[in-house]
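Colleague: I am new to this structure. Please take one buried spot and look at it closely, then work outwards from there.

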Amino acid sequence: MTDAPDKRPAFEPATRLLKPTAYDPAMRRPTSTVAGAVLVLLRVVVGVIWIGSVVLELPTVLSQIDVSFDDVAATPQLVEATLVVILIVIGAFLLFDAILAILILRGHNWARVVIMSFSALSISASFIQWWAEGQEITITTTLLQLGLDILILLALSSRSAAAYARRNERH
Amino acid sequence: MATEQRARRYSIGIAVDWFFFVFAGLASVWLAYLSLTDTFNVGWWGFVFALAFWVLLAYLVLPRLHRILTTIYVPDYFIGRARTSDGLLGDPVNLAFLGEAEQIHAAMAAAGWTRADPVTLGSSWRIVSSTLTRRSYGEAPVSPLFLFSRQQDFAYQQEVDGNPAQRHHVRFWICPDGWLLPGGYRVDWLAAGTFDTAVGLSLFTLQVTHRIDADTDIERDHIVKTLTSGDARVAVTILQDFSTGYHARNGGGDSIRTDGDLPIVDVRPLPAVAP
């Protein structure tokens with residue numbers, strides 16, 4: 001009787017869901033990975049266009065801004081410098097985004113996880129604002145940006161994208 | 001099996017992947033809801049939104065939800081059915097083969113079948129254009145179905161009157177080493193043959209797909225008949241009542257009927273290299 005195989009449980013164990021993906025260095029790049037990276041690059045392009053439009057309208061924007069704190073009167077130079085710094089920071093983020101997109105294309109898992117984490121945070125923030133604060137999300141406000149985030153998350157979290165990013169992992 | 005037992009049973013990274021997988025599924029449901037409610041706010045542009053809503057629902061949301069749910073409720077071992085890429089039950093496995101891949105290629109070519117192109121961007125575009133212009137595309141790719149958690153190794157098809165909506169097709173999977181059919185028969189390949197009758201919408205995912213003929217036995221017998229008449233050396237033995245006659249639906253929601261017999265086609269007498 002000791003040789004009898006164990007009885008097979010009627011349900012699949014939960015750990016089966018966590019089975020590591022296959023080791024397959026020669027795997028072809030799946031469409032989902034390409035789609036995810038292209039969407040991230042699209043987000044970068046939209047951001048660059050936005051920066052460009054702000055820079056073009058900088059004089060008009062500056063004349064409209066009237067910043068004054070309690071005791072410090074903001075000079076136009078100070079406002080302009082602040083705007084430039086903000087634009088540079090946003091530009092750096094966009095550059096980082098673009099680099100991550102290329103790393104995703106080349107199949108680096110950490111880049112995929114970073115992009116997915118940021119997308120998930122951004123989606124959660126939008127959801128909380130929509131649910132708890134009743135903020136409208138329509139095509140004229142933030143629907144496109146939210147949709148882009150969700151599509152990126154969908155593409156990069158798909159099984160083929162995960163298997164591609166983990167193709168070199170041995171277990 | 002031994003290697004699988006030595007391997008770690010789970011990984012933290014995979015758990016993280018699952019979190020994002022499910023999170024993205026829920027987020028896409030929300031996005032579909034948002035685009036649906038916006039449909040009614042933008043006047044005539046609403047039909048664009050309605051179309052976007054359908055594309056979202058059919059190609060992203062429902063597949064992701066099915067993928068999550070079928071992982072839980074559809075068994076992953078052999079149950080005589082292929083599975084779609086969303087994990088839904090697909091075409092019934094209704095043929096088995098003995099022999100090498102080259103011998104099957106030779107037998108299928110002799111029987112008048114055309115090998116299907118793999119799914120690529122180019123072949124997908126050719127499918128769309130040939131469907132719209134009603135031109136013939138004899139090597140049109142077939143959608144991926146999964147058996148033993150693997151996509152088909154290759155597929156064969158026959159067009160009907162140059163109509164892209166209708167075709168005979170059969171997918172082949174090589175069996176894992178040492179794998180036996182339920183009941184202990186050893187075969188080298190399993191195959192699933194069905195007949196596409198028309199292009200329609202899938203019941204479960206609302207995607208555009210081929211509807212299949214419910215009587216899968218007709219297609220199975222057609223494949224066996226073309227093979228045996230194509231080359232006299234092809235031998236056939238039939239496992240009767242292999243899958244007991246059942247009524248079911250495939251991944252597109254088409255019903256399936258079969259008497260449950262499984263023909264085992266022996267192509268080993270054929271030369272291993274196509275002449």
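## A buried aspartate and its surroundings

Modeller: A:Asp149 lies in helix 5 of chain A. Keep in mind that the model is predicted. Is A:Asp149 buried or exposed? A:Asp149 has a relative accessible area of 5%. Buried means under 20%, so A:Asp149 counts as buried.

What does A:Asp149 touch, once residues up to four places away in sequence are set aside? There are contacts with A:Arg43, A:Ser119, A:Ser122 and A:Ile123. Hold on to A:Arg43, since that name comes back in the next step.

The next step is a pocket, the second largest one. A:Arg43 is among the lining residues nearest the centre of this pocket. The others named there are A:Gly47, A:Leu94, A:Asp97 and A:Gln145. The lining has 20 residues in total. Which elements of chain A give two or more residues to that lining? They are helix 1 (31-56), helix 3 (76-105), helix 4 (109-132) and helix 5 (143-157). Helix 5 is also the helix that holds A:Asp149. The largest share of the lining comes from helix 3 of chain A, with 6 residues. By class, the lining is made of 12 nonpolar, 5 polar and 3 charged residues. The space in the pocket is about 710 Å³.

Now move to chain B. Here there are 6 helices and 14 strands. Chain B has 275 residues, and 49% of them are buried. Along the principal axes, its C-alpha atoms fill a box of roughly 65 × 55 × 35 Å. About 13,700 Å² of chain B is exposed, and carbon and sulfur atoms supply 61% of that area. Take the contacts in chain B with a separation of 6 or more: 61% of them join residues 24 or more positions apart.

Some of the strands form a sheet. In chain B, 4 strands make an open, antiparallel sheet in the order 2-1-5-6. Its edges are strand 2 (89-92) and strand 6 (150-151), each pairing on one side only. Strand 1 (residues 81-84) joins strand 2 through 2 bridges. Within that pairing, B:Arg83 stands opposite B:Leu89.

Strand 7 of chain B (residues 154-160) is another strand to find. Why is strand 7 called largely enclosed by the rest of the structure? Because 6 of its 7 residues are buried. Strand 4 (residues 114-115) of chain B runs antiparallel to strand 7, and 2 bridges join the two. One partner pair to locate is B:Thr114 with B:Gln157.

Finish at B:Ile264, in strand 14 (residues 262-266) of chain B. With 7% relative accessibility, B:Ile264 is buried. What is in contact with B:Ile264, beyond its neighbours within four places in sequence? The residues are B:Ala96, B:Leu98, B:Val187, B:Ala235, B:Val236, B:Thr237 and B:Leu239. One more distance helps to place B:Ile264. B:Asp188 is 76 residues away along the chain, yet the two C-alpha atoms are separated by 9.9 Å.

Terms used. Residues are numbered from 1 along each chain as its sequence is written. Chains are lettered from A and ligands numbered from 1 in the order in which they are written. This is a predicted model: local features need pLDDT of at least 70, side-chain atom pairs count only at pLDDT 80 or more; totals for chains, interfaces and linings use all residues. Side-chain values use heavy atoms; hydrogens and water are left out. Buried means under 20% relative accessible area, exposed over 50%, partly exposed in between (1.4 Å probe, protein chains only). Contact means heavy atoms within 4.5 Å. Two strands pair if DSSP finds at least two bridges between them. On a 1 Å grid over the protein atoms alone, a cavity is a set of points where a 1.4 Å probe fits but cannot get out, and a pocket is an open set with protein on both sides within 12 Å along at least five of seven lines; lining residues have an atom within 4 Å of a point. Grid points are joined across faces, edges and corners, and a volume is the space filled by probe spheres set on the points. Ala, Val, Leu, Ile, Met, Phe, Trp, Tyr, Cys and Pro count as nonpolar, Asp, Glu, Lys and Arg as charged, and the others, Gly among them, as polar. Accessible areas come from the Shrake-Rupley method with a 1.4 Å probe; for residues, only the protein chains shown count as cover.
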